[in-house]
2 protein chains.
Amino acid sequence: MCAAKKHATATRPGRIKLADVAAASGVHYSTVSRVLRPGSKGRISDVVAEHVRTVAQELGYQPNTIAASMRTKSTRSIGLIVHDMSDPVYPPILNAIEAVLSPEGFVVLVGNTGYDIEVEMNIINKMASRLVDGIFVATTRLEDPIVARCQDLGIPLVSVLRQTQTEETPAVVNDCLGGMQTLTRQVLTSGHRDIAVILAPQNLSTARERWWGIRHTLTEHGIVLPDHRIAFVERMSADEGLEATKALLTADDQLPDAIICVNDLVAIGAIRACREEGLKIPGDISISGYNDIPLVDMIDPPLTTVRMRLDKIGKAAGELMLAHLGSPKLPAQTIRIDAELVLRKSLQHLKR
Amino acid sequence: MCAAKKHATATRPGRIKLADVAAASGVHYSTVSRVLRPGSKGRISDVVAEHVRTVAQELGYQPNTIAASMRTKSTRSIGLIVHDMSDPVYPPILNAIEAVLSPEGFVVLVGNTGYDIEVEMNIINKMASRLVDGIFVATTRLEDPIVARCQDLGIPLVSVLRQTQTEETPAVVNDCLGGMQTLTRQVLTSGHRDIAVILAPQNLSTARERWWGIRHTLTEHGIVLPDHRIAFVERMSADEGLEATKALLTADDQLPDAIICVNDLVAIGAIRACREEGLKIPGDISISGYNDIPLVDMIDPPLTTVRMRLDKIGKAAGELMLAHLGSPKLPAQTIRIDAELVLRKSLQHLKR
DNA sequence: TTGTACGCGTTATCAC
DNA sequence: GTGATAACGCGTACAA
């Protein structure tokens, strides 16, 4: 016992290793390894197994996962790449992914790109260096060098929320097309005809699908948006939403009936802009978002939006990753999770 | 060239290793190691160094961090333990921590406890198995078995947001005592005297300090809260805030002038409860929160609260961790970051 | 300045 | 059923 302890402190920081518990139980350390790892080849007599287990317990043995990874080539770690964890869409996804993977012994490494593609590439390389077993990418562009890089490196990748142009990447996304169609139909049902939109860069599948959803529905009703009713934000933030809205409001003598925003944060900016201009919502103008992030039901006015089931998306992504880790040659599939319209006060029937 | 490639594919997934680039550049692999790692012992002739570097580049060599960790006993990874990443206080902290540590080559492992202390202990053990260099704990209790366990394991720990009873843990916290004193003084200045509070479990330093801040300020003004003006939540959520508020509102014939809530989420619940009861805020009753989470400036009514500089807290925590990793025997210190009162409509002067 | 040789803690594959 | 032993890829003291 004293011997074991002494040996332990002889190594770096008093860490117990297989050899220590082997010495203390009087068996070879390969035997200990077999006992402690379920699913090992040779069977062990119950007596020895029990003995070894208690000794390991007593000594407080913690397996060294790093050393194991060295042999097995599997680190049981996976990366998650997001632009900015403060964006409220990401945490529920992280939680759901972790809930699925953690019981399987995985750990999640988070990488924040800060919207910088160079940073993003560095993160990928860093994660590759760390031999992650797989990577979730929530920043996917339609043509994405990051995705290409992962394929080069042979790292299994699951795209979350967004999809690539070719759809050759395993992905779990929200049905933005359907969601935005439903929303737009509701806007029309409410009597609005002079509609403005705030869109995001069309190299993102989400932004593109949402725009298509709007345009398709409007076209069905014989409406074509003039250029001055279309604004773009570079990033989907409240600040840019505010700027874009101000531009829209001054683009024509007439105010639009409604502004359909690409997401909730942009809609928040739109509401701020309208307030600054002294406009009543929904009296003077209706506004809608997308995402149903926390507290948009509490703001003034409560925001009409489309709810994405982020928990479902994260869960499906986690399961998809497990499937791909299990059978590496699984064909890519895109899983679409339904969206749901959430009607609140910011969108109301036009009274004129 | 063909030889190198063949060798590479002989190992697992075509991964290039030191030996491969050594073979391709005609030097020994220890030389390659020295070239590629700045701060290695022996100096290398510039010619060789340059040559090796280009060869490594061409082959797309990615160092195997796992193997390196095996030697160096340092994984350059650190854990971050939170209850639930969806709580909006955590993401800014994660971001700031990552911003500080990432340039130093660290990666952040996130662990969600789901408010379950058993899960929490498993996470610690798992992280210990992965040889994390340090752990940030944002779930600290005044007496915390997790913290004790980390000390046993010899893992450097930095407590974030909260502190232990003895203050023997390196920690970065918000000055909740000062923040709540300032807020409470403002409540009194506004003319409120019949005050109710919603508190959280007193085994958390934040909850205790906030309560002390309230009580101390009230006592200074000769006010003692009767029991029926005090409610508790088990978790600081909107749902529990709503329940607690309903209990408070029915505890006496008279309504309180104001409800001071332990944090914003609880205050959100309080606002909902008041709405359900048909009470006007701040006309009938004033409400305050703590944290200044996103969008509480946009809700109806905008919430008076105290702003914690989560970015500053995260940054300081990251730097404190680096300091402790650099000099392991650094004495524990508690860094307090100032709080700032944010006055909004939900708290108004009493008109009677 | 560069090459040699060993060890980090595990797992896998031999023998026995 | 158990023991011995060879990798895994890299870092580094030491030798040359």
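**Sheets, domains and DNA contacts in the predicted model**

Strand E5 (residues 171-174) of chain B runs in the parallel sense beside E11(B), and four bridges join the pair. Within this pairing, B:Val172 is found opposite B:Ile335 of E11(B). The structure described here is a predicted model, and the two strands just named are a good place to start exploring it.

Both strands belong to a wider arrangement. Twelve strands, drawn from chains A and B, make up an open sheet with mixed pairing, in the order E11(A)-E5(A)-E4(A)-E3(A)-E1(A)-E2(A)-E2(B)-E1(B)-E3(B)-E4(B)-E5(B)-E11(B). Strand E11 (334-337) of chain A and strand E11 (334-337) of chain B stand at the edges; each has a single partner strand, so one side of each is left without a neighbour in the sheet. On average, neighbouring strands of this sheet are turned by 20° against each other, with direction ignored. Reading the order from left to right, the eye passes from E2(A) to E2(B), where a strand of chain A is followed by a strand of chain B.

Chain B also contributes to a sheet of four strands, again open, whose order is E7-E6-E8-E9 and whose pairing is parallel. Here the edges are taken by strand E7 (230-232) and strand E9 (286-288) of chain B; since each has a single partner strand, one side of each is left without a neighbour in the sheet. The average turn between neighbouring strands of this sheet is 15°, direction ignored. Strand E6 (residues 195-199) of chain B pairs with E7(B) in the parallel sense over three bridges, and B:Leu199 has B:Phe232 of E7(B) as its bridge partner.

Two helices of chain B pack on this four-stranded sheet. Helix H9 (residues 176-189) touches E6, strand E8 (258-261) and E9 of chain B, and its direction makes about 175° with that of E8(B). Helix H10 (residues 205-220) of chain B touches E6, E7 and E8, and its direction makes about 160° with that of E6(B).

The domain assignment of chain A lists domain 1 (18-63), domain 2 (73-174 + 310-339) and domain 3 (176-308). Domain 2 is thus written as two stretches of sequence. Between the C-alpha centres of domain 1 and domain 2 of chain A the distance is 36 Å.

The model also contains DNA, and both protein chains meet it. DNA strand D is surrounded by 30 residues, the closest being A:Thr31, A:Arg71, A:Lys73, B:Leu18 and B:Tyr61. Among the atoms of DNA strand D within 4 Å of the protein, 58% belong to sugar or phosphate and the rest to bases. An N or O atom in the side chain of A:Thr31 is 2.3 Å from a phosphate oxygen of this strand, and the side chain of B:Tyr61 places an N or O atom 2.7 Å from a phosphate oxygen of DNA strand D. The backbone takes part as well, with a polar backbone atom of A:Ser45 lying 2.8 Å from a phosphate oxygen of DNA strand D. Helix H3 (29-36) and helix H5 (65-72) of chain A, together with helix H3 (29-36) and helix H5 (65-72) of chain B, are the elements that give two or more residues to the surface near this strand. H5(B) provides the largest share, five residues. By class, the surface near DNA strand D holds 11 nonpolar, 10 polar and nine charged residues.

For DNA strand C, 29 residues form the surroundings, and A:Leu18, B:Thr31, B:Arg34, B:Arg71 and B:Lys73 are the closest. Sugar or phosphate accounts for 62% of the atoms of DNA strand C within 4 Å of the protein, and bases for the rest. The bases are reached by an N or O atom in the side chain of B:Arg71, 2.8 Å from a base nitrogen of DNA strand C, and by a backbone N or O atom of A:Ala67, 3.4 Å from a base nitrogen. The largest share of the surface near DNA strand C, five residues, comes from H5(A).

A few details of the backbone complete the picture. The peptide bond from A:Asp300 to A:Pro301 is cis, with omega near -5°; in chain B, the bond from B:Ile281 to B:Pro282 is cis, with omega near 5°. B:Lys73, although not a glycine, has a positive phi of about 65°, and this residue sits in the loop between H5 and strand E1 (77-82) of chain B.

Conventions: Residues are numbered from 1 along each chain as its sequence is written. Chains are lettered from A and ligands numbered from 1 in the order in which they are written. This is a predicted model: local features need pLDDT of at least 70, side-chain atom pairs count only at pLDDT 80 or more; totals for chains, interfaces and linings use all residues. Side-chain values use heavy atoms; hydrogens and water are left out. Two strands pair if DSSP finds at least two bridges between them. Axes are lines fitted to C-alpha atoms, for helices over the stretch in contact, and angles run from 0 to 180 degrees between N-to-C directions. Contact means heavy atoms within 4.5 Å. A residue is near a molecule or strand if one of its heavy atoms lies within 4 Å of it. A polar contact is a pair of N or O atoms within 3.5 Å; within protein, one must be able to donate a hydrogen and the other to accept it, and residues adjacent in sequence count only if both atoms are side-chain atoms. Ala, Val, Leu, Ile, Met, Phe, Trp, Tyr, Cys and Pro count as nonpolar, Asp, Glu, Lys and Arg as charged, and the others, Gly among them, as polar. Domain bounds come from an automatic or database domain assignment.
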